[in-house]
Amino acid sequence: MITQGVPTDHPAEADQARAGRTRRTRGQSAGLDPARIVAAARSLEPGAITMQAVADALGVDRSAINNHVANKDALLRDVALDVFAESFATVRIGARLSWQDICRQYARGFADSVIATGPLAQHLVSGAPFQRTVLHAAEAMLGAMVDGGIDSDTAIRMLALLNNVCLQYAHDHIAALGAEQGPLLTALRQALTERNADEFPHLARIAADLPDVSARTQLDVSVEIIIDGAEAFAGKHGTHSNK
């Protein structure tokens with residue numbers, strides 16, 4: 001006699017087949033998709049996120065996770081992007097602001113959203129993964145820049161530079177949390193101890209009282225330099241802008 005396609009005269013094989021079918025059904029009936037996988041991963045501590053841990057949390061085989069996420073690195077990237085997107089969704093870009101002020105709002109929101117990912121920030125890199133998340137804010141900023149006299153080519157280059165600066169600042173900020181000093185100061189002082197500091201008088205003087213590049217002032221200064229640079233560059237190439 002055949003029951004559900006499994007021969008009953010081989011009980012051991014029948015049990016194995018039913019078990020395998022049950023695992024597949026659990027994953028399918030649960031409506032497994034990338035969003036559910038990310039949600040399950042976010043319920044875990046960042047250091048505990050693995051493909052197997054997420055599969056266990058969802059009650060499915062690990063292979064079911066692999067059908068949607070290629071590997072652990074991709075899983076961690078997706079989780080980091082989800083946290084980033086949730087944080088950046090709260091950023092509000094003023095419609096009547098100058099492009100300079102919009103850039104400031106965008107930069108602070110971007111950096112804070114990377115910082116919100118905590119230890120997962122290392123899985124965020126500049127480029128395409130951020131495009132869908134910051135699309136509306138980037139559109140508002142680019143539109144304001146063009147309206148303010150910045151040519152499109154300079155505007156998009158400035159956006160890319162701003163993203164990179166904010167990302168690096170956020171990484172430095174996270175690395176400095178709980179540390180006595182920022183990573184740049186630590187590296188510089190270590191390098192000077194391994195050499196004759198007298199050969200580098202300027203670096204030695206700076207190392208004695210180096211500004212904390214992980215502090216918010218560093219981000220604000222960097223953004224102002226980028227804004228001033230964009231204005232100067234646009235003016236040099238025959239365009240103009242008004243603050």
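Is Phe84 buried or exposed, and what is its relative accessible area? Phe84 is buried, with a relative accessible area of 0%. That residue makes a handy starting point for a walk through this predicted model, so let us first get our bearings and then come back to the ring.

**The chain as a whole**

The chain holds twelve helices and two strands. Reading from the N terminus, the order of elements is β-β-α-α-α-α-α-α-α-α-α-α-α-α. Among its 243 residues, 36% count as buried. If you look at contacts with a separation of 6 or more, 67% of them join residues 24 or more positions apart.

**Phe84 and its aromatic neighbours**

The model has four aromatic pairs. One of them is the stacked pair of Phe84 and Phe88, at 5.7 Å centre to centre and with 10° between the planes. Because these two residues are four residues apart in helix H5, about one helical turn separates Phe84 from Phe88. Both members of this pair, Phe84 and Phe88, are buried.

Phe84 also pairs with Phe110, this time edge-to-face, at 5.2 Å centre to centre and with 70° between the planes. Phe84 belongs to helix H5 and Phe110 to helix H6, so this pair ties together parts that lie 26 residues apart in sequence. Phe110 is buried too, and its relative accessible area is 1%. Put Phe84, Phe88, Tyr106 and Phe110 together and you have one aromatic cluster.

What does Ser113 touch, leaving out residues up to four places away in sequence? Its contacts are Phe84, Ser87 and Phe88. Ser113 sits in helix H6, and it counts as buried because its relative accessibility is 1%, which is under the 20% cut-off.

**The nonpolar core**

The largest nonpolar core has 57 residues, and those touching the most other members are Val54, Ile65, Leu75, Trp99, Tyr106, Phe110 and Leu162. At least two residues of this core come from each of H2, H3, helix H4 (62-66), helix H5 (72-88), helix H6 (99-116), helix H8 (135-147), helix H9 (152-176) and helix H12 (216-236). Two names from the aromatic cluster, Tyr106 and Phe110, thus turn up again in this list of core residues.

Leu162 is worth a click in your viewer. Not counting residues up to four places away in sequence, Leu162 touches Cys103, Tyr106, Ala107, Met141, Val223 and Ile226.

**Helices H2 and H3**

Which residues of H2 meet H3? They are Arg36, Ile37, Ala40 and Ala41, and on the H3 side the partners are Val54, Ala57 and Leu58. The residues of this contact divide into six nonpolar, no polar and one charged. Helix H2 covers residues 34-42 and helix H3 covers residues 51-58; the two pack at an angle of about 100°, and their axes are 9 Å apart. With that angle, H2 is roughly perpendicular to H3.

**Two pairs far apart along the chain**

The table sets out two pairs of residues by their separation along the chain and the distance between their C-alpha atoms.

| Pair | Separation along the chain | C-alpha separation |
|---|---|---|
| Leu161 and Val223 | 62 residues | 9.7 Å |
| Ile150 and Glu231 | 81 residues | 7.6 Å |

Where do the leading members of these pairs sit? Leu161 has its place in helix H9, and it counts as partly exposed because its relative accessibility is 43%. Ile150 is found in the loop between H8 and H9. Ile150 is buried, with a relative accessible area of 2%. Val223, the partner of Leu161 in the table, is also one of the residues that Leu162 touches.

Note on methods
Residues are numbered from 1 along each chain as its sequence is written. This is a predicted model: local features need pLDDT of at least 70, side-chain atom pairs count only at pLDDT 80 or more; totals for chains, interfaces and linings use all residues. Side-chain values use heavy atoms; hydrogens and water are left out. Axes are lines fitted to C-alpha atoms, for helices over the stretch in contact, and angles run from 0 to 180 degrees between N-to-C directions. Angles under 35 degrees count as roughly parallel, over 145 as roughly antiparallel, 65 to 115 as roughly perpendicular and the rest as oblique. Contact means heavy atoms within 4.5 Å. Ala, Val, Leu, Ile, Met, Phe, Trp, Tyr, Cys and Pro count as nonpolar, Asp, Glu, Lys and Arg as charged, and the others, Gly among them, as polar. A nonpolar core is a set of buried Ala, Val, Leu, Ile, Met, Phe, Trp, Tyr and Cys residues joined through side-chain atoms within 4.5 Å. Buried means under 20% relative accessible area, exposed over 50%, partly exposed in between (1.4 Å probe, protein chains only). Rings of Phe, Tyr and Trp (its six-membered ring) pair if their centres lie within 6.5 Å; planes under 30 degrees apart count as stacked, over 60 as edge-to-face and the rest as tilted.
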